[in-house]
Amino acid sequence: LPSDFCACRLCAFRSTCELVPRESFLSQPFLPDLLRYLGNLFSSITMVHNESKHPLVKHKLGELRAKQTDSRTFRRLLRELGSLLAYEVSADLPTTNVEVESPLGRATDHVLSGKIGLFPILRSGLTLVDGMIDMFGEAEVWHLGLYRDQGTLCPVEYYNKLPPKARVDTALVLDPLLATGGTAVAAVSILKNWGVKNIRFVCVLAAPDGLANFADAHPDVPVYVGNVEAGLNADGLIVPGLGDAGDRMFNTL
């Protein structure tokens with residue numbers, strides 16, 4: 001708590017609780033500030049996101065963001081960031097012990113438990129798959145076609161070929177950018193309705209508004225992000241961001 005809040009308002013909170021009736025307490029002038037503070041505190045607790053602190057991630061983000069970076073280099077950097085973020089998102093995945101015979105003896109090692117699925121949001125999520133699949137070689141890959149309507153900023157689903165029942169234990173939803181959060185929220189809702197219990201969202205850049213919207217809709221789904229940006233512009237684009245990831249990736253600017 002801020003020092004002035006602790007020194008006066010919190011003391012007032014205690015004394016009024018002891019000395020005045022409930023109706024009088026509810027009319028106290030400090031109460032709106034207290035409720036606002038507690039609301040902001042609750043929001044910060046429920047917004048579960050994990051921002052990478054790795055120097056290599058930050059280094060490659062700087063190269064990726066630069067406007068002079070060409071499409072070939074842009075795709076390579078996204079692929080490399082996919083591999084680096086794979087380490088971040090998998091840090092607490094469950095493992096199972098296995099016995100392995102090496103040329104010089106036996107050892108007890110570990111393998112990931114359960115089936116992992118990669119779910120790139122078309123089209124810009126595709127290059128992140130390339131880096132992720134290098135780390136999760138046995139993962140299933142399923143594509144979700146969603147785009148953001150530029151007029152309403154609402155998600156529109158156009159491709160979904162998921163089988164009738166969920167066949168993965170952990171789903172990693174991949175999209176380079178989390179801007180307003182609309183397509184991310186829709187993608188996770190699709191997977192929840194499909195029956196996946198353990199879902200994680202992976203992105204390169206995110207805006208605070210998008211993180212807040214995502215947390216409101218899916219407080220149980222953690223977000224793994226390379227960097228949290230300053231915010232959104234009037235068009236709903238991340239700033240400073242990196243521009244349109246799909247256009248830069250596929251040279252369709």
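Where does Ser52 lie? Ser52 sits in the loop between strand S1, residues 49-51, and helix H4. I'm starting there because at 1% relative accessibility Ser52 counts as buried, the cut-off being under 20%. One thing before I go on: this is a predicted model.

So, who is around Ser52? Leaving aside neighbours within four places in sequence, Ser52 is in contact with Val57, Lys58, Glu88, Val225 and Gly226. There's also a short-range detail here: a polar atom of the Ser52 side chain lies 3.2 Å from the backbone nitrogen of His54.

Okay, let's zoom out. The chain has 253 residues, and 42% of them count as buried. Its secondary structure comes to nine helices and 13 strands. If you take the contacts with a separation of 6 or more, 64% of them are between residues 24 or more positions apart. On the outside, the accessible surface is about 13700 Å², and 55% of that belongs to carbon and sulfur atoms.

Now for the inside. How many residues does the largest nonpolar core have? It has 31, and those with the most contacts inside it are Leu64, Leu118, Met132, Phe136, Leu172, Leu174 and Val204. Helices H4, H5, H6 and H9 each supply at least two residues of this core, and so do strands S4, S8 and S10. H5 gives the most, with eight residues. Apart from that core lies another one, of 28 residues, among them Trp142, Val168, Val173 and Cys203.

Let's stay with H6 for a moment, which is residues 126-135. Which of its residues are buried? They are Thr127, Leu128, Val129, Gly131 and Met132. The cover over the buried residues of H6 includes helices H5 and H9, plus strands S4, S5, S8 and S10. Met132 is a nice one to click on. Not counting residues up to four places away in sequence, Met132 touches Gly82, Ser83, Leu85, Ala86, Leu118, Leu172, Leu174 and Val202.

What about H5, buried or exposed at Arg72? Arg72 has its place in helix H5, and at 66% relative accessibility it counts as exposed, since the cut-off is over 50%. Arg72 also has a partner from far along the chain: Met249 is 177 residues away in sequence, yet the two C-alpha atoms are separated by 7.5 Å.

On to the largest pocket, which holds about 620 Å³ of space. It is lined by 28 residues, and the closest to its centre are Ser124, Arg148, Gln150, Leu177 and Asp244. Strands S4, S6 and S9, together with helices H7 and H9, each supply at least two residues of that lining.

Last stop, a few backbone oddities. Which peptide bond is cis, with omega near 0°? That's the bond from Leu122 to Arg123, and Arg123 lies in the loop between S4 and H6. The bond from Val239 to Pro240 is cis too, with omega near -5°. Pro240 is in the loop between strand S13, residues 238-239, and H9. Then there's Asn251, in the segment after H9. Asn251 has a positive phi of about 55° although it is not a glycine, and at 60% relative accessibility Asn251 counts as exposed.

That's my tour, thanks.

Terms used
Residues are numbered from 1 along each chain as its sequence is written. This is a predicted model: local features need pLDDT of at least 70, side-chain atom pairs count only at pLDDT 80 or more; totals for chains, interfaces and linings use all residues. Side-chain values use heavy atoms; hydrogens and water are left out. Buried means under 20% relative accessible area, exposed over 50%, partly exposed in between (1.4 Å probe, protein chains only). Helices (H or I, at least four residues) and strands (E, at least two) are DSSP runs, numbered from the N terminus. Contact means heavy atoms within 4.5 Å. A nonpolar core is a set of buried Ala, Val, Leu, Ile, Met, Phe, Trp, Tyr and Cys residues joined through side-chain atoms within 4.5 Å. A polar contact is a pair of N or O atoms within 3.5 Å; within protein, one must be able to donate a hydrogen and the other to accept it, and residues adjacent in sequence count only if both atoms are side-chain atoms. Accessible areas come from the Shrake-Rupley method with a 1.4 Å probe; for residues, only the protein chains shown count as cover. On a 1 Å grid over the protein atoms alone, a cavity is a set of points where a 1.4 Å probe fits but cannot get out, and a pocket is an open set with protein on both sides within 12 Å along at least five of seven lines; lining residues have an atom within 4 Å of a point. Grid points are joined across faces, edges and corners, and a volume is the space filled by probe spheres set on the points.
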